[in-house]
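Reader: I am a first-year student, and I should be grateful for a close look at one part of this structure. Would you please choose a single helix and explain, step by step, what surrounds it?

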Amino acid sequence: MFRAEFKRELRETLVFYPDFISSLVMMIILLFVFMILGQHFTSSSYIGYAFWFLLSGVLTVASETISYEKQVGTFEQLILKPIRLIHILFIKSIVWGIFNFIRIMIATVIVCFFYQIHINLTWVSLTALVINFFAIVGFSMIFSGLTLKFTKIASFVGIIQYLLLFASGTLISLDKLPAVLLVLTKVLPINLGLNVSQNPFELTTFLLLILQMIIYMIIGTFTFTYVYNRAKKNGINSRY
């Protein structure tokens, strides 16, 4: 399944290369805008933006997949595949994340050429990114389960995407946020990952990041499975 999905995504990217190029250009423009407005030209701040671009995009993949399948009328065929629906969504999210990571790497090379930034990537930063990635995938399963029932939940996930940007602390310092938003940013699965990647290694923080990932994977899987099983009994709303 992973190989088939990877090949499909690769062929789609090669055939519809203007989409890939336009998304890459938009990513570079937004990176320039964020860094100019925030006056952040350091390796640490850039890693924060890169984290957000990767993780916020993954948040919507599963929900948009369900919403799209309902829109084109092929949702029932997706359910009838010999692999569980939740596994399909996990694989789609991972494959999309790989291709988006490639976009980020290309954008990083271009941005570093203009700003002369030396990106200090370590094994700790990359490991934190991978752990954070799976935490977001688990988090996205909550919205995927709701999309099974209400279809257009994916439209509201964009709000969470921009909350993740504030939670990263790269655009606005967390100290300047209202108390309610500050608590929310601590809960969202991006803040801990950035702490691990941007600061000297601390085993306690790293273990908390792993624990957060496990919790979100469990909550996301349980929520999706519960809603899916309930929907099968009461009837899945396949209308768009």
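Author: The account below follows helix 5 and the spaces and surface to which it contributes.

The model is a predicted one. Helix 5 covers residues 85–115, which makes 31 residues. One may begin with its length: at 1.5 Å a residue, the helix should span 45 Å. The end C-alpha atoms are 44 Å apart, and this agrees with the expected span. Immediately after helix 5 comes Gln-116, whose phi is positive, near 55 degrees.

We turn next to the enclosed space. The count comes to one cavity of 30 Å³ or more, and the volume of the largest cavity is about 160 Å³. It is lined by 14 residues, and those closest to its centre are Ala-50, Ile-104, Met-105, Leu-121 and Leu-129. Helix 5 is among the elements that give two or more residues to this lining, together with helix 3 (43–72) and helix 6 (123–150). Helix 3 gives the most, with five residues. As to the character of the lining of the largest cavity, 12 residues are nonpolar, two are polar and none is charged.

The open spaces come next. The largest pocket holds about 980 Å³ of space. Its lining has 29 residues, and Thr-60, Val-61, Glu-64, Trp-96 and Arg-103 are the closest to its centre. Helix 5 supplies at least two residues of this lining, as do helix 1 (2–15), helix 2 (17–38), helix 3 and helix 7 (157–168). Here, too, helix 3 gives the most, with 10 residues. The lining of the largest pocket divides into 12 nonpolar, eight polar and nine charged residues. The lining of the largest cavity, by comparison, has no charged residues.

The second largest pocket contains about 190 Å³ of space. Its lining consists of Leu-54, Ile-94, Gly-97, Ile-98, Phe-101, Leu-126, Leu-129, Val-130, Phe-133 and Phe-134. Helix 5 and helix 6 each supply at least two of these residues, and helix 6 gives the most, with five. By class, nine residues of this lining are nonpolar, one is polar and none is charged. Leu-129 deserves a second glance, for this residue lines the second largest pocket and is also one of the residues closest to the centre of the largest cavity.

Finally, there is the surface. Ile-98, which is found in helix 5, lines the second largest pocket and also belongs to a nonpolar surface patch of about 560 Å². The other members of the patch are Phe-2, Phe-6, Leu-10, Leu-14, Ile-102 and Ile-106. Helix 1 and helix 5 each supply at least two residues of the patch, and the largest share, four residues, comes from helix 1.

Helix 1 also holds a charged pair. A search of the whole structure finds four salt bridges, and one links Glu-5 with Arg-8, whose closest N and O atoms are 2.7 Å apart. Because these two residues are three residues apart in helix 1, about one helical turn separates them.

In review, helix 5 contributes to the lining of the largest cavity, to the linings of the largest pocket and the second largest pocket, and to the nonpolar patch.

Notes: Residues are numbered from 1 along each chain as its sequence is written. This is a predicted model: local features need pLDDT of at least 70, side-chain atom pairs count only at pLDDT 80 or more; totals for chains, interfaces and linings use all residues. Side-chain values use heavy atoms; hydrogens and water are left out. The expected span of a helix is 1.5 Å times one less than its number of residues. On a 1 Å grid over the protein atoms alone, a cavity is a set of points where a 1.4 Å probe fits but cannot get out, and a pocket is an open set with protein on both sides within 12 Å along at least five of seven lines; lining residues have an atom within 4 Å of a point. Grid points are joined across faces, edges and corners, and a volume is the space filled by probe spheres set on the points. Ala, Val, Leu, Ile, Met, Phe, Trp, Tyr, Cys and Pro count as nonpolar, Asp, Glu, Lys and Arg as charged, and the others, Gly among them, as polar. Patches are made of residues with over 30% relative accessible area and no salt bridge: like charges are joined within 9 Å, nonpolar side chains (Val, Leu, Ile, Met, Phe, Trp, Tyr) within 5 Å. Accessible areas come from the Shrake-Rupley method with a 1.4 Å probe; for residues, only the protein chains shown count as cover. A salt bridge is a side-chain nitrogen of Lys or Arg within 4 Å of a carboxyl oxygen of Asp or Glu.
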